[in-house]
Amino acid sequence: MEIREQGSEMKNLDLVSLRTFLAVFREGNVSRAALTLESNQSTVSKEIAKLRLYFGDALFLRTAQGVEPTHKARALAPRIEQALSLLDDLLQTDKERLEPSSLDVRFRVATTEYLSYLLIPALTAHLQLHAPRCSLEVLDMADLGAEDWLLGGRADLVLSSSAAVSYPLFRQELFHDRYVVVMRSCGRNGQAMALDEFCRRSHIGVPGHNGSRERRLADALQTRQLQRQVQVSLPHFLAVPGVLERTDFVISLAERMARLLCAGHKLDVLEHPLDLAPFCVYQIWHERTRASFAYAWFREQVSHVCREL
């Protein structure tokens with residue numbers, strides 16, 4: 001790939017250097033980038049040194065955790081990723097276009113714990129069956145939005161109930177879900193919980209991994225000038241079934257996740273007493289992957305898996 005630098009003669013930028021740049025940018029650490037590239041730290045450092053000389057910028061600055069991209073690197077990352085994505089797509093043979101089993105791509109998906117629990121097992125099994133050479137990297141969205149993950153090239157796809165997006169981002173509706181109340185089994189499965197009982201009971205909160213759920217609950221209660229007592233806050237949902245089975249606590253969950261969590265546990269799922277509107281889950285992607293055969297195929301598989309839920 002040849003690029004003309006202003007005020008200088010044509011210089012050659014090889015694909016190894018550009019792929020190395022992306023690996024370091026995504027990992028934020030030279031050692032982890034070397035592992036991703038199946039290379040070594042010395043080779044990665046040499047490639048980055050070549051790019052620093054070419055672009056006249058440090059590109060990555062050392063920190064206590066690894067490296068931090070400069071403003072120049074942040075501006076280059078989505079362009080380099082788009083160029084490599086288009087080149088990879090161009091180099092695919094006609095057979096590869098017709099045979100997903102020939103694809104060899106690492107798909108990076110940023111999502112929440114709720115959607116990881118709900119979708120990733122089925123999606124992983126689907127990929128193993130239809131595209132065994134592809135791999136999947138699931139990233140915790142944490143407190144970042146779709147724009148943070150996609151505009152900087154940190155992920156290829158975001159699965160989220162995010163609000164409306166604008167160009168260069170696109171989104172597709174996957175499915176709807178609603179909120180229910182989960183509690184220890186007492187013969188009330190499928191019944192409605194009264195609002196006064198909901199407020200009297202002690203609650204489990206999981207604020208770190210589902211901020212939108214906690215915000216909707218807080219807003220609905222505040223509108224009615226009501227409160228709830230969060231007796232225990234957990235960092236993730238893994239411990240929720242065990243806590244519910246051993247206490248009289250309750251938790252508000254998306255129904256699809258609640259059904260999965262209840263499997264194998266003595267728990268009841270009740271209708272929620274608050275008027276919480278159903279929500280929609282989307283897949284969101286960037287313009288740079290829109291025309292890529294591999295990424296378009298992957299998005300189709302995500303849609304297919306969601307239809308089968």
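**View 1. Five strands lie side by side in an open sheet, running in the order S6-S5-S7-S14-S8.** Pairing in this sheet is mixed. Strand S6 (135–140) and strand S8 (169–177) sit at the edges with a single partner strand each, so one side of each has no neighbour in the sheet. Going from one strand to the next, the twist averages 20 degrees. Keep in mind throughout that this is a predicted model.

**View 2. Here we zoom in on strands S5 and S7, with a helix packed on the sheet.** Strands of a sheet pair through backbone hydrogen bonds, in either a parallel or an antiparallel way. S5 (residues 106–111) and S7 (residues 157–160) go for the parallel sense, over two bridges. Look for Ala 110, which stands opposite Val 158 in S7. Helix H6 (residues 113–130) packs on the sheet and touches S5, S6, S7, S8 and strand S14 (279–286). The direction of H6 makes about 175 degrees with that of S6.

**View 3. Helix H1 covers residues 15–27.** At 1.5 Å a residue, its 13 residues should span 18 Å, and the end C-alpha atoms are indeed 18 Å apart, so the two values agree. At the N-terminal end, Asp 14 acts as a cap: one of its side-chain oxygens lies 3.0 Å from the backbone nitrogen of Val 16. Further along, the buried residues of H1 include Leu 18, Phe 21, Leu 22 and Phe 25. Ser 17 and Thr 20 are also among the buried ones. Right after H1 comes Gly 28, with a positive phi near 65 degrees.

**View 4. A cis peptide bond leads into Pro 168.** The bond in question runs from Tyr 167 to Pro 168, and its omega is near 15 degrees. To find Pro 168, look in the loop between S7 and S8.

**View 5. Ala 142 has a positive phi without being a glycine.** Its phi is about 55 degrees. Ala 142 belongs to the loop between S6 and helix H7 (146–150). Is this residue buried or exposed? With a relative accessible area of 52%, Ala 142 is exposed, because anything over 50% counts that way.

**View 6. Gln 225 also has a positive phi, and it is not a glycine either.** The phi of Gln 225 is about 55 degrees. You can spot Gln 225 in the loop between helix H9 (211–223) and strand S11 (229–233). Gln 225 counts as exposed, at 75% relative accessibility.

Technical notes: Residues numbered from 1 in each chain as written. Predicted model: local features only at pLDDT ≥ 70, side-chain atom pairs only at ≥ 80, totals over all residues. Heavy atoms only, no water. Pairing = 2+ DSSP bridges. Helix = DSSP H or I, 4+ residues; strand = E, 2+ residues; numbered from the N terminus. Axes fitted to C-alpha atoms, helices over the stretch in contact; angles between N-to-C directions. Contact = heavy atoms within 4.5 Å. Expected span 1.5 Å × (residues − 1). Buried < 20%, exposed > 50% of the residue type's maximum accessible area, 1.4 Å probe, protein only. Polar contact = N/O pair within 3.5 Å; in protein donor to acceptor, adjacent residues only side chain to side chain.
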